[in-house]
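Biologist: Can you put the model up and take me through it? I'd like to begin with a sheet and then move on to the rings.

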Amino acid sequence: NVTITPSPSPPSLGVAYSLTCQVMGVTGLVLPIALTWTRTDGLSLGTTPVTNGSTITLSFPSWSMQNLAEYKCTAVISLPYKGIMVSSTASITLKAPGMVSYPALATPSNSSSVISWSPPQQTNGRLTGYTLSIEQLLDYGMPVNGRALNASVDVTMTSYNWNGLIPGVPYQMCITAVNS
């Protein structure tokens, strides 16, 4: 038997996401089991040898997640001396909300900025809130590692005030809708 467990939080674009696949119920065999992740479009996301009771987690940034794509975890046991292959597959379809609309930025002071947006037109479920992140950029446009600030915003809010920004320093902001 193969089971898939998604991340505790629902998928949302811009946030890391993971799927955990577990192999159970293989008894009396001490044979290798090949566990393979695939996506609807046929892309293989990796094969790993495992044993009974093992779990393997597929983690990926959700910007690479294919919305409404089916992700499959397949366990294959080969009995080479008998020419038999036994497999079990579990699948899950991920549904992320669409992008927020009309982001706008206002600068009420040198050290703060207010970012506002409109909710996504396609929620693919019940919209539960927003995740915001802001990163300081280096002069050549790359993010400064370890300097990202994150905030969770209630679904009823469509703006957020970032305080403590350094005047004259470039920043990159990301707004992500979250659904259930």
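**A sheet and its rings**

Modeller: One open sheet has three strands in the order β11-β10-β13, with antiparallel pairing. Strands here are DSSP runs of E with at least two residues, numbered from the N terminus, and two strands pair if DSSP finds at least two bridges between them.

Biologist: Which strands are at the edge?

Modeller: The edge strands are β11 (149–154) and β13 (171–179), as each pairs on one side only. On average, neighbouring strands of this sheet are turned by 20° against each other, direction ignored. That angle is taken between axes, which are lines fitted to C-alpha atoms; in general such angles run from 0 to 180 degrees between N-to-C directions.

Biologist: How many bridges join β10 to β13?

Modeller: Nine, and β10 covers residues 127–136. Ser133 stands opposite Cys174 in β13.

Biologist: What holds strands of a sheet together in pairs?

Modeller: Backbone hydrogen bonds, in either parallel or antiparallel pairing.

Biologist: Before the rings, is this a predicted model or something else?

Modeller: It is a predicted model, so local features need pLDDT of at least 70 and side-chain atom pairs count only at pLDDT 80 or more, while totals for chains, interfaces and linings use all residues. Residues are numbered from 1 along each chain as its sequence is written, and side-chain values use heavy atoms, with hydrogens and water left out.

Biologist: Now the rings. How many aromatic pairs are there?

Modeller: The count is two. Rings of Phe, Tyr and Trp (its six-membered ring) pair if their centres lie within 6.5 Å; planes under 30 degrees apart are stacked, over 60 edge-to-face, and the rest tilted. Trp117 and Tyr130 have ring centres 5.2 Å apart and planes at 65°, so this pair is edge-to-face.

Biologist: Where do those two sit in the chain?

Modeller: Trp117 is in strand β9 (residues 112–118) and Tyr130 is in strand β10, 13 residues apart.

Biologist: Are they buried or exposed?

Modeller: Trp117 is buried at 5% relative accessible area, and Tyr130 is buried at 2%. Buried means under 20%, exposed over 50%, and partly exposed in between (1.4 Å probe, protein chains only).

Biologist: And which residues form the other pair?

Modeller: Tyr160 and Trp162, edge-to-face, with 5.0 Å centre to centre and 70° between the planes. Tyr160 is partly exposed at 28%, whereas Trp162 is buried at 5%.

Biologist: What about the whole protein: how many helices and strands?

Modeller: Zero helices and 13 strands. Of its 180 residues, 34% are buried.

Methods
Helices (H or I, at least four residues) and strands (E, at least two) are DSSP runs, numbered from the N terminus.
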